[in-house]
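Got your viewer open? Here is a short tour: select each stop as you reach it, and read what is there.

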Amino acid sequence: LEDYEILVQNKFVGLNHVDWKSKKYKFNIYSFPWVNGRESSGVVVKRGSRVDKDRFPLGAEVFLASTSYRILKTSTFQEYTVFDSRLVWRLPHSPTANGSLGVKKFDLDFAAGIGVALVTAGSALSHLVDFADLSTLSPRSNLIIWGGTSCVGIYLTQLARSSQRFNKILVVAAKRHENYLRELGATHVIDRHLTEGEILDQVNTICPQGINHGIDVVSKKTATHLMNILQQEGNGEKKLVCVVDAPELPTKTAFTNRTGKFIIEKVSIKKFHEDLEYGTTFVDYTSKLLESGHLKPVQSLKIFKALGKFGQSIRNGLLELEEKGPSAEKYVACL
């Protein structure tokens, strides 16, 4: 192990669409044999020489998001994963008066599915919010999120609320999840099954002075819809953050109807490990939110288990993820 690395014995692994897509469509595979898997939860069994031993005693329960996908020891579809301890979360516990660990907020099964979606949501919101400087008062704006019942959308809504940087948080999602999304922090939920024009009308009614910030987590098509919404009313800089794909219109030709710039940003989750200052700040910030209960895992979980050879539970889960796909739900596999 390198100085800051820990060895984690994986107990559960999170399942993501990229895990089956990369194999089926043959991308992000750079050598053979290859190991997929980007998130897991488990127990610390070994530490590097400079690991904080108080924060990570042997046996500590942790969860992680592996954004360094070319380094196979950090992948999670295996019995053990190595990762930089400074970018790993401890399982959160309720705070106690004497400083000892209280009751766990949730267990390793729910923890396994947090990492990728939370890091992606943080990377997206970091284009609009500085997690290192949330104590400073700043002018509030309105935010619209397209894809609210995806795991990324669920964490985006919670992070946006906790940042206290937005007056209104509009979420485009399946209407049946409205109560859940409002609990997470959405001020308004717009039915994604409406036509583009109907969605635009609702946004203009809710925000007659315009809306300056949007985050799309679905597709190039919905990102284009969101761009059209942002270009309606309002002055000043407008910013569209695209998690999946950006509209084809080049940034330099995208203008608002009034004065100001229109900026399109694409999300790179590699920022999490490549910018250590950002990554450690984000882990510290979200750890506090998890401990205080202001940030919670996706509420519905489907766990895949299997007898027999290693990895069968992963294969079963990925097959269902490809054929069906969850809505406001996370798939994890028990190892």
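Start with the largest pocket and select helix H1 (17–24), helix H3 (115–125), H4, E7 and strand E13 (330–334): each of them supplies at least two residues of its lining. Before going on, know that this is a predicted model, where local features need pLDDT of at least 70, side-chain atom pairs count only at pLDDT 80 or more, and totals for chains, interfaces and linings use all residues. Residues are numbered from 1 along each chain as its sequence is written, and side-chain values use heavy atoms, with hydrogens and water left out.

A few words on terms. Helices (H or I, at least four residues) and strands (E, at least two) are DSSP runs, numbered from the N terminus. Pockets and cavities are found on a 1 Å grid over the protein atoms alone: a cavity is a set of points where a 1.4 Å probe fits but cannot get out, while a pocket is an open set with protein on both sides within 12 Å along at least five of seven lines, and lining residues have an atom within 4 Å of a point.

Which element gives the largest share of this lining? H1 does, with 5 residues. Now pick His17, Val152, Val217, Val243 and Val244, which lie nearest the pocket's centre out of 50 lining residues. The pocket's volume is about 1500 Å³, a volume being the space filled by probe spheres set on the points, with grid points joined across faces, edges and corners. Colour the lining by class and you get 25 nonpolar, 17 polar and 8 charged residues. Here Ala, Val, Leu, Ile, Met, Phe, Trp, Tyr, Cys and Pro count as nonpolar, Asp, Glu, Lys and Arg as charged, and the others, Gly among them, as polar.

Next stop: the second largest pocket, with about 500 Å³ of space. Select Asp19, Lys23, Asn36, Phe77 and Leu318, the closest to its centre among 16 lining residues. H1 turns up here too, along with helix H10 (312–323), each supplying at least two residues of the lining. H10 gives the most, 5 residues.

For a closed space, show Phe110, Gly113, Tyr155, Pro297, Val298, Ser300, Leu301 and Lys330, which line the largest cavity. Its volume is about 40 Å³.

Now switch to cartoon view and find the open sheet of 6 strands, with parallel pairing and the order E8-E7-E6-E9-E10-E11. Why does one side of E8 (188–191) and of E11 (262–266) have no neighbour in the sheet? Both stand at the edges, each with a single partner strand, so one side of each is left free of a neighbour. Two strands pair if DSSP finds at least two bridges between them. Zoom in on E6 (residues 141–146) and E7 (residues 166–173): they run parallel and are joined by 5 bridges. Ile145 stands opposite Val171 in E7.

Then add helix H4 (residues 151–163), which lies across E6, E7 and strand E9 (213–216), running at about 170° to E7. Axes are lines fitted to C-alpha atoms, for helices over the stretch in contact, and angles run from 0 to 180 degrees between N-to-C directions.

Last, select H9 (residues 276–292): H4 and H9 pack at about 90°, with their axes 12 Å apart. That makes H4 roughly perpendicular to H9 (the word covers 65 to 115 degrees). Show Leu159, Ser162 and Ser163 of H4 with Phe282, Tyr285, Thr286 and Leu289 of H9, which make the contact (heavy atoms within 4.5 Å).

Note on methods: Parallel < 35°, antiparallel > 145°, perpendicular 65-115°, else oblique.
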